[in-house]
Amino acid sequence: MMEENKSIKGTPEKAGIVKWGTTTVVGIFAGMLYGGSKEASASVSKDAEVMLKLGSTPDKREQYRLMRDAMEKRFIRVTRGSIVGGVRLGMFTAAFYGLQNLLAEKRGVHDIYNVVAAGSATAATFGLIMPGSLHWRLRNVMLGSVLGAGVCFPLGWLHLKLVEKANEGNTISAGNPVEAKSGVGGAIERLEEQLSK
């Protein structure tokens, strides 16, 4: 017999609904990695300037002080980039998946329209909080809305198709439960079978 995933309230969860907390944490860590690596690669030119200064300074104490100052500044830049990147991407993923799950809960169905609406609304909101004049922000809202929907439509469709393919194996017949395969391994095997036809 098939086991259903239960939410906290005891109602069965819809297949394909992404857990909000998990994706937010993943978004924060991915943003931290991206922001930190971006700042680390940007500080290479500043390190070259420090090396030039070190070559022109004969005093060992001055060389040590220059090197220590450069390392402290680089650490602060990379840390700031990690924190800012983590907050930005974490807020975006939290808003996107929170809105997507809210729409799925209110509409009672998890489909492509939830993903497109969540992507459009989230991108429009982030376009609104970008710096600039009111005219520039309204332009960012319109552009974010269109781009969010345009990017989320194919990605949402792909996600829903993969979830549908993964859940095919969950419909276990009572007569032969050994043949039915579920999960990622079963989805990969079914995909291989269809591609080899």
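**Exercise 1. State which residues make the nonpolar surface patch, and which helix gives the largest share.**

Step 1. The patch consists of Ile 83, Val 87, Met 91, Leu 128 and Ile 129 and covers about 460 Å². Patch members have over 30% relative accessible area and no salt bridge, and nonpolar side chains (Val, Leu, Ile, Met, Phe, Trp, Tyr) are joined within 5 Å, like charges within 9 Å. A salt bridge is a side-chain nitrogen of Lys or Arg within 4 Å of a carboxyl oxygen of Asp or Glu. Areas come from the Shrake-Rupley method with a 1.4 Å probe; for residues, only the protein chains shown count as cover.

Step 2. Helix α3 (residues 60-107) supplies the largest share, three residues. Helices (H or I, at least four residues) and strands (E, at least two) are DSSP runs numbered from the N terminus.

Step 3. Val 87 is in helix α3. Its relative accessible area is 44%, so Val 87 is partly exposed; buried means under 20%, exposed over 50%, partly exposed in between (1.4 Å probe, protein chains only).

The model is predicted: local features need pLDDT of at least 70, side-chain atom pairs count only at pLDDT 80 or more, and totals for chains, interfaces and linings use all residues. Residues are numbered from 1 along each chain as its sequence is written, and side-chain values use heavy atoms, with hydrogens and water left out.

**Exercise 2. Check the end-to-end distance of helix α5 (residues 134-167) against its expected span.**

Step 1. The expected span is 1.5 Å times one less than the number of residues. For the 34 residues of α5 this gives 50 Å.

Step 2. The end C-alpha atoms are 46 Å apart, which agrees.

Step 3. Helix α5 has a kink of about 30° at Cys 152, shortly before Pro 154. The bend is the angle between axes fitted to the seven residues ending at a residue and the seven starting there.

Step 4. Cys 152 is one of the buried residues of α5, which also include Gly 148 and Gly 156.

**Exercise 3. Describe the surroundings of Thr 24 and Ala 42 in helix α1.**

Step 1. Thr 24 lies in α1 (residues 20-42). With a relative accessible area of 11%, Thr 24 is buried.

Step 2. Leaving out residues up to four places away in sequence, Thr 24 touches Gly 90, Thr 93 and Ala 94; contact means heavy atoms within 4.5 Å.

Step 3. Ala 42 belongs to α1 too. Ala 42 counts as partly exposed because its relative accessibility is 46%. Ala 42 and Arg 77 are 35 residues apart in sequence, and their C-alpha atoms are 9.5 Å apart.
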